[in-house]
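User: Could you walk me through how the pieces of this protein fit together? I'm new to this, so keep it simple.

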Amino acid sequence: LNKETNEEELTNRNVEDDTIQSFMDILRTCEFARFAKSDSQNSMDELYNQTVDVIGKLEEQVRK
């Protein structure tokens with residue numbers, strides 16, 4: 001999973017910039033969480049909800 005390659009591929013598939021940015025933010029957050037312990041269940045729930053939302057948007061936009 002290469003962030004630059006993902007960003008380029010999403011751009012090539014005409015995914016909106018806001019959706020790409022949200023996706024990249026989620027990847028960075030997950031990458032950070034691998035190395036920094038987080039005790040907050042709320043932040044994990046929020047990240048999960050954001051991820052579900054972005055995946056839905058990606059599916060819609062890639063199908064166009």
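Analyst: Sure, and keep in mind that this is a predicted model. A term to start with: an axis here is a line fitted to C-alpha atoms, and angles run from 0 to 180 degrees between N-to-C directions.

User: How are H1 and H2 oriented relative to each other, roughly parallel or roughly antiparallel?

Analyst: Take H1, residues 3–12, and H2, residues 17–35: their axes are 10 Å apart and the packing angle is about 165 degrees. Angles over 145 degrees count as roughly antiparallel. So H1 and H2 are roughly antiparallel.

User: Is the crossing of H1 and H2 left-handed or right-handed?

Analyst: Handedness depends on whether the near helix is turned anticlockwise or clockwise from the far one. For H1 and H2, the crossing comes out right-handed.

User: Which residues of H2 meet H1, and what classes are in the contact?

Analyst: On the H1 side you'll find Lys-3, Asn-6, Glu-7, Leu-10 and Thr-11. Their partners in H2 are Ile-20, Phe-23, Met-24, Leu-27, Arg-28 and Glu-31. Sorted by class, the contact has two polar, four charged and five nonpolar residues.

User: Which helix gives the largest share of the lining of the largest pocket?

Analyst: That pocket holds about 250 Å³ of space and has 15 lining residues, with Thr-29, Ala-33, Ser-43, Met-44 and Leu-47 nearest its centre. Both H2 and H3 (41–63) supply at least two lining residues each. The largest share, seven residues, belongs to H2.

User: And how many of the lining residues are nonpolar?

Analyst: Five of the lining residues are polar and two are charged. The nonpolar ones number eight.

Methods:
Residues are numbered from 1 along each chain as its sequence is written. This is a predicted model: local features need pLDDT of at least 70, side-chain atom pairs count only at pLDDT 80 or more; totals for chains, interfaces and linings use all residues. Side-chain values use heavy atoms; hydrogens and water are left out. Helices (H or I, at least four residues) and strands (E, at least two) are DSSP runs, numbered from the N terminus. Angles under 35 degrees count as roughly parallel, over 145 as roughly antiparallel, 65 to 115 as roughly perpendicular and the rest as oblique. Contact means heavy atoms within 4.5 Å. Ala, Val, Leu, Ile, Met, Phe, Trp, Tyr, Cys and Pro count as nonpolar, Asp, Glu, Lys and Arg as charged, and the others, Gly among them, as polar. On a 1 Å grid over the protein atoms alone, a cavity is a set of points where a 1.4 Å probe fits but cannot get out, and a pocket is an open set with protein on both sides within 12 Å along at least five of seven lines; lining residues have an atom within 4 Å of a point. Grid points are joined across faces, edges and corners, and a volume is the space filled by probe spheres set on the points.
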